[in-house]
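Hello,

Here is the structure I promised to pass on to you. Please open it and keep it beside this email while you read.

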Amino acid sequence: MPRVSIREKASQRIAARKYSFTVVFEPVGSDRASGRNGSRKAGDNKQTTSGYQVTVPLLPGLITYGRTLEEAREMARDAILCHLEGLKKDGERIPDEKSAIQEKLRVALSA
């Protein structure tokens with residue numbers, strides 16, 4: 001078992017920091033009403049959720065998927081951790097939600 005000095009333990013504790021990110025879980029539908037050729041029956045537009053696509057707005061390019069909401073959360077944690085480790089390794093800044101300005105904007109799409 002390798003020995004770790006008190007100084008190393010202290011630096012590991014200082015280096016450890018918790019981050020918090022907004023995560024978007026978007027249901028991905030599977031169309032039960034479609035036939036094998038993609039045709040649909042009239043008036044039959046039922047969809048079931050086949051999983052969740054996960055994105056993190058502050059980490060562009062981070063997209064993952066889970067079949068259930070629980071699995072999607074697990075996949076998101078793993079993907080975020082991997083992304084942050086990559087940023088740290090490359091010496092890049094890790095985004096912080098506290099310094100980000102968040103707003104909701106409404107837009108109208110004309111018909």
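**Glycine 51 and its surroundings**

Glycine 51 sits in strand E2, which covers residues 47-55; helices (H or I, at least four residues) and strands (E, at least two) are DSSP runs, numbered from the N terminus. Before going on, please note that this is a predicted model, in which local features need pLDDT of at least 70, side-chain atom pairs count only at pLDDT 80 or more, and totals for chains, interfaces and linings use all residues. Residues are numbered from 1 along each chain as its sequence is written, and side-chain values use heavy atoms, with hydrogens and water left out.

Is glycine 51 buried or exposed? Glycine 51 is buried, because its relative accessible area is 0%. Here buried means under 20% relative accessible area, exposed over 50%, and partly exposed in between (1.4 Å probe, protein chains only). Leaving aside neighbours within four places in sequence, glycine 51 is in contact (heavy atoms within 4.5 Å) with Glu26, Pro27, Val28, Tyr65, Gly66 and Arg67. The C-alpha atoms of glycine 51 and serine 30 are 8.7 Å apart, with their positions 21 residues apart along the chain.

**The chain as a whole**

Stepping back, the protein chain has two helices and three strands. Read from the N terminus, these elements come in the order α-β-β-β-α. The chain has 111 residues, of which 15% count as buried. Its accessible surface comes to about 9900 Å², and 52% of that belongs to carbon and sulfur atoms. These areas come from the Shrake-Rupley method with a 1.4 Å probe; for residues, only the protein chains shown count as cover. Taking the contacts with a separation of 6 or more, 45% are between residues 24 or more positions apart.

**Three more residues to look at**

Glutamate 26 belongs to strand E1 (residues 24-31). Glutamate 26 counts as partly exposed, because its relative accessibility is 48%. Beyond its neighbours within four places in sequence, glutamate 26 is in contact with Gly51, Tyr52 and Gln53. Its C-alpha atom is 6.3 Å from that of valine 54, although the two are 28 residues apart along the chain.

Threonine 64 is part of strand E3 (residues 63-66). It counts as buried, because its relative accessibility is 12%. Not counting residues up to four places away in sequence, threonine 64 touches Tyr52, Gln53, Val54, Met75, Ala76 and Ala79.

Leucine 69 lies in helix H2. With a relative accessible area of 31%, leucine 69 is partly exposed. Apart from residues up to four places away in sequence, leucine 69 touches Phe25 and Tyr52. From C-alpha to C-alpha, leucine 69 and valine 54 are 9.7 Å apart in space, and they are 15 residues apart in sequence.

**Charges**

Side chains of opposite charge can pair when their charged atoms come close. A salt bridge here is a side-chain nitrogen of Lys or Arg within 4 Å of a carboxyl oxygen of Asp or Glu. How many salt bridges does this rule give? The count comes to two.

One of them joins the side chains of arginine 17 and aspartate 96, at 3.5 Å from N to O. Arginine 17 lies in the loop between helix H1 (6-15) and E1, and aspartate 96 in the segment after H2, so the pair ties together parts that are 79 residues apart in sequence. Arginine 17 counts as partly exposed at 48% relative accessibility, and aspartate 96 counts as partly exposed at 24%.

Arginine 67 also forms a salt bridge, with glutamate 71, and their closest N and O atoms are 3.1 Å apart. Arginine 67 is exposed, with a relative accessible area of 58%, whereas glutamate 71 is partly exposed at 23% relative accessibility.

Finally, which residues form a negative surface patch? They are Glu70, Glu74, Asp78 and Glu85. Patches are made of residues with over 30% relative accessible area and no salt bridge, with like charges joined within 9 Å and nonpolar side chains (Val, Leu, Ile, Met, Phe, Trp, Tyr) within 5 Å. Lys and Arg count as positive and Asp and Glu as negative, while His and the chain ends are not counted. The place of a charge is taken as NZ of Lys, CZ of Arg, CG of Asp or CD of Glu. In this patch, aspartate 78 is found in helix H2 (residues 69-89), and aspartate 78 is exposed, with a relative accessible area of 52%.

Enjoy exploring, and best wishes!
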